[in-house]
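Colleague: I'm new to reading structures, and I'd love a close look at one part of this one. Could you choose a stretch, go through it slowly, and explain each term as you use it?

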Amino acid sequence: MYKYKTKKFYKFIISLPNTYLVNPDIDSRELTARAKAIATYHGTVAIESMRFRKPIILFAGDKNILRYTGSVFNIHSTNDCVEAMKKIAEGWQPEYGDYDKTANSYLAHNNDVGLARMMKSIAGH
């Protein structure tokens, strides 16, 4: 179970207030469906969260295409995180209506048109 971290690391995590470790065999979609929001550094969990219309707190906003959507909290400071948590606690809900546009603009599709679009986006940013 401890592939990358020591037992001491996981014991420290468990000791943090309001923190739980979840069995890695539990389906992440089940956790996402029940979550109030999703916080991540990077990974597919953010995209999966959109399916469940969950707020996303993104700690790697500069490295993720989701930074271009209007409904993701891009965290660059403690204050950004505090403000995001306040909005979520007040019931703020994401729209994600611009996700398809963002995905089509920044993700390479497996064809020449998609590759050309991606290269143009890279050159423009």
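Modeller: Happily; here is the stretch around helix H2, followed by its surroundings. The model is predicted, so local features need pLDDT of at least 70 and side-chain atom pairs count only at pLDDT 80 or more, while totals for chains, interfaces and linings use all residues. Residues are numbered from 1 along each chain as its sequence is written, and side-chain values use heavy atoms, leaving out hydrogens and water.

Let's get our bearings. The protein chain has six helices and three strands, where helices (H or I, at least four residues) and strands (E, at least two) are DSSP runs numbered from the N terminus. Read from that end, the order is α-α-β-α-β-β-α-α-α.

Now to our stretch. Isoleucine 26 sits in the loop between helix H1 (7-15) and helix H2 (28-34). This isoleucine 26 counts as partly exposed, at 37% relative accessibility; buried means under 20% relative accessible area, exposed over 50%, and partly exposed in between (1.4 Å probe, protein chains only). Together with Val22 and Leu31, Ile26 forms a nonpolar patch on the surface, with about 220 Å² of accessible area in total. Such areas come from the Shrake-Rupley method with a 1.4 Å probe, and for residues only the protein chains shown count as cover. Patches take residues with over 30% relative accessible area and no salt bridge, joining like charges within 9 Å and nonpolar side chains (Val, Leu, Ile, Met, Phe, Trp, Tyr) within 5 Å.

What does aspartate 27 form with arginine 29? The two make a salt bridge, with their closest N and O atoms 2.9 Å apart. That term means a side-chain nitrogen of Lys or Arg within 4 Å of a carboxyl oxygen of Asp or Glu. Aspartate 27 is partly exposed at 33%, and arginine 29 is partly exposed at 45%.

Another salt bridge links glutamate 30 and arginine 34, at 3.7 Å between the closest N and O atoms. Both residues lie in helix H2, four residues apart, about one turn of the helix. Glutamate 30 is partly exposed at 40%, whereas arginine 34 is exposed at 69%.

The structure holds three salt bridges, and one of them joins lysine 86 to glutamate 83 at 3.6 Å, N to O. Because these two are three residues apart in helix H4 (residues 78-89), about one helical turn separates them. Lysine 86 is partly exposed at 45%, and so is glutamate 83, at 35%.

Let's also visit the rings. A search of the whole structure finds two aromatic pairs. In one of them, phenylalanine 9 and tyrosine 10 have ring centres 5.2 Å apart and planes at 85 degrees, so the pair is edge-to-face. Rings of Phe, Tyr and Trp (its six-membered ring) pair if their centres lie within 6.5 Å; planes under 30 degrees apart are stacked, over 60 edge-to-face, and the rest tilted. Phenylalanine 9 is partly exposed at 32%, and lysine 5 lies over its face, 5.2 Å from the ring centre. For a charge to sit over a ring, NZ of Lys or CZ of Arg must be within 6 Å of the ring centre and within 35 degrees of the ring normal.

Finally, step back to the whole chain: buried residues make up 26% of its 125 residues.
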